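Let's walk through this structure together and ask, for each label, what earns it. The values come with their cut-offs, so you can check each one yourself.

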Amino acid sequence: MTKGENSVFSVPEDYVPEKYKPIITQISNRLGADATEKNSSQQHFGTPLGDILSLGRKENFSLFIPKHRRLAGRLIDIFLGVRSTDDLLSVAVYARDRVNPYLFNYAFSVALLHRPDTQDLDIPSVIYSFPDKYVDAKVFRETRESLNVLPKGARRMRPNANAKLVYRWIYLDRVGWFALESRSVRGLKHLSGNAFLTETIFTIKRNIVEPIEISKDYTASDLEPEHRLAYFREDMGINLHHWHWHLVYPFEADRKVVDKNRRGELFYYMHQQIMGRYNFERLSNNMKRAERFIDWRSEIKEAYFPKLDSLVASRFWPARMENQKLSNLRREVDQINIDIDELERWNDRIFEAINSGVVRTEQGEMKQLTEFEGIDILGNMVESSILSPDRSFYGDLHNMGHVFISYIHDPDHRHLEAFGVIGDSATAMRDPAFYRWHAYIDFMFQKFKSTLPRYTEAQLSYSGITVDEISLEGGDQKNVFDTFWQQSDVDLSRGMDFQPRGSVFIRFTHLQHQPFTYKIIVNNSTNGSKQARAGSSWRPRMTRGALPGHSWSRGICSSSWTNLQLTVSETVYYTAYFTLSRILKQGKNTINRSSGQSSVTIPFERSFRDLDTNRPEGGEALAQFNFCGCGWPEHMLIPMGKPEGMECELFVMISNYDDDKVSINIRCYIMKSSN
């Protein structure tokens, strides 16, 4: 089949599915005639797929469903086990037209990331393979119409490539002028209202068709309070981040792939950062933090209607009505037969381990949850990878929580419905229930952290090193910068399996911020140079009673390190923004760090990984492009703020590099930012 811009594979006849063998000559002639790129695949024997084929090609696939995870692990092991890249390509071509497409994409992507001979290849973003997971269903109807009606030369729905781009934070409105929103108030501020420029930046040729625009408000109206956060939850870059993280950290496969350094701790860290960022965003919209889903027999008040189609399953993604309750699951087709009681038992056992500081292993041994390794063990228990100390005893709490919520609309399969968006790692963050569930998961980790000894002054201080001044510079005023809406275009033609072929650009609206620079002045009063590690975090500035039911300790701002003790209420807003190492010479040192150099983010082009148009020529730019793609999207680095301004607190800590360094080869933004 043609993929992308007329690329085809020539395969051995034995690889052709049975239903196509009688007409293989006609298919070859029709698809190969106009191909601009032809690839061949050798025949490879000895690769039985077995029960991997038990998941039908028209079904949805979920990493959270135990059966699906097992099948994925087996397919990953097959891809990892072949000797050469030629054999890998041959096996992949054979499997592609037999295995469930979602399962194939996941397993093949994991294998490419982890094989030594392919790990430097860039993995195409899943948005190019399955755009139906991210865009409104009507886009595909409009696409078919455009490709059939418009002449081929008019299908490249983009502005003139030679146009002069004057500002990064501009967007094209419908009359062909650039509009710049600008107004300045103190703090983190979201702009509103348009101030039109007095000159034309460039003229759009009228025979070039505009991209298909996706409304920012297509899943609900403002009558739904949670819809205020739709721009965050439904952001493509954020959901791609979550999808890619699960490629880097699979649940099941060969142990050398799953057993990564601090894997369980990073599960906690990544999701805690998501929750901190989400709660910050909620505060920007005058909403309280995400409420923990703690009573699993109570109603989930939040509804969600995703407005998405599954092109593979030919079904709408199911919706969840208001005030629905979880039910015992009887899904024989998914090999799921489990009661809420079981979820509660797993929960009790995990909290017993947290409170006692001891876990049991499959061998019946007892293992301490120590200060330094305990959170890693706990993370592997809660997420329930193959690294869990006793999977049969501590269960599958995090994953089955996703499954219970995702089947709330059809728990016994009587309506033959698939799972909702929270059941798919590529779409889970769209659902408000995701944040309620993970608020509870994060609470479990915070409960464990509260059992650990408090940091001592010696652990937190760096003798002779002080931070004298911190500022943010980027706008007209120091410590003031703007956020705004920006529209961007993405070509989704690779995921369109219908004729005629052609580029298909969609235009979506997302949050963006004005670039800024951290300026940190550090004084080294020792007798020599020191190697240090600097890290920064943000939170909204709070006073006691800032939100109903919330009280705030001010220990973080105290000049005494011994008062650095955050309550759980405070940690739900803290978000890390960068870490770096630096040699501090004697005297004053100025550290400048631009927002684009954040160690937790990847640039817009990297989030969407358009391999054809965004790949740099070489050097450091290419190295960064090929770097792990699971970082937070740069355009969502900072929260929206408020039109009147939103005051925030920036915390910078300088520590001894020798105490903090981790001697591993880091290829992941999440690991890089947590070290």
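Q: What makes Asp235 a polar contact partner at the start of α8?
A: A side-chain oxygen of Asp235 comes to within 2.9 Å of the backbone nitrogen of Gly237. A polar contact is a pair of N or O atoms within 3.5 Å; within protein, one must be able to donate a hydrogen and the other to accept it, and residues adjacent in sequence count only if both atoms are side-chain atoms. This model is predicted: local features need pLDDT of at least 70, side-chain atom pairs count only at pLDDT 80 or more, and totals for chains, interfaces and linings use all residues. Residues are numbered from 1 along each chain as its sequence is written, and side-chain values use heavy atoms, with hydrogens and water left out.

Q: How do you know that the length of helix α8 agrees with what its residues should span?
A: Helices here are DSSP runs (H or I, at least four residues), as are strands (E, at least two), numbered from the N terminus. The expected span is 1.5 Å times one less than the number of residues. For the 13 residues of α8 (residues 236-248) that gives 18 Å, and the end C-alpha atoms are 19 Å apart, which agrees.

Q: Why is α8 called largely enclosed?
A: Buried means under 20% relative accessible area, exposed over 50%, and partly exposed in between (1.4 Å probe, protein chains only). In α8, 13 of the 13 residues are buried, so the helix is largely enclosed by the rest of the structure.

Q: What makes α4 a good helix to check in the same way?
A: The 14 residues of α4 (residues 101-114) should span 20 Å, and the end C-alpha atoms are 20 Å apart, which agrees. Of its 14 residues, 14 are buried, so α4 is largely enclosed by the rest of the structure. At its N-terminal end, Asn100 acts as the cap, with a side-chain oxygen 3.0 Å from the backbone nitrogen of Tyr102.

Q: Why is the pair Asp396 and Arg69 called a salt bridge?
A: A salt bridge is a side-chain nitrogen of Lys or Arg within 4 Å of a carboxyl oxygen of Asp or Glu. The closest N and O atoms of Asp396 and Arg69 are 2.8 Å apart, and the pair forms a salt bridge. Asp396 sits in the loop between α13 (391-394) and α14 (397-406) and Arg69 in helix α2 (residues 66-81), so the pair ties together parts that are 327 residues apart in sequence. Both residues are buried. They also belong to a network of salt bridges that links Arg69, Glu252, Arg391 and Asp396. The whole structure has 27 salt bridges.

Q: How do you know that Arg345 and Glu342 are separated by about one helical turn?
A: They are three residues apart in helix α11 (residues 340-356), which means about one turn. An α-helix has 3.6 residues a turn, so residues three or four places apart point the same way. Arg345 and Glu342 form a salt bridge, with the closest N and O atoms 2.6 Å apart. Arg345 has a relative accessible area of 39%, so it is partly exposed. Glu342, at 23%, is partly exposed as well.

Q: What makes Arg507 and Asp489 a tie between parts of the chain?
A: Their side chains meet in a salt bridge at 2.8 Å, N to O. Arg507 lies in strand β18 (residues 505-513) and Asp489 in strand β17 (residues 480-491), so the pair joins parts that are 18 residues apart in sequence. Both are buried.

Q: Why is Thr361 called buried or exposed?
A: Thr361 has 9% relative accessibility, so it counts as buried. Its place is the loop between β14 (358-360) and β15 (366-368). Contact means heavy atoms within 4.5 Å, and, leaving aside neighbours within four places in sequence, Thr361 is in contact with Lys367, Pro389 and Asp390.

Q: What makes the phi of Arg262 worth a look?
A: It is near 60 degrees, a positive value in a residue other than glycine. Arg262 is in the loop between α9 (255-258) and α10 (263-284), and at 17% relative accessibility it counts as buried.
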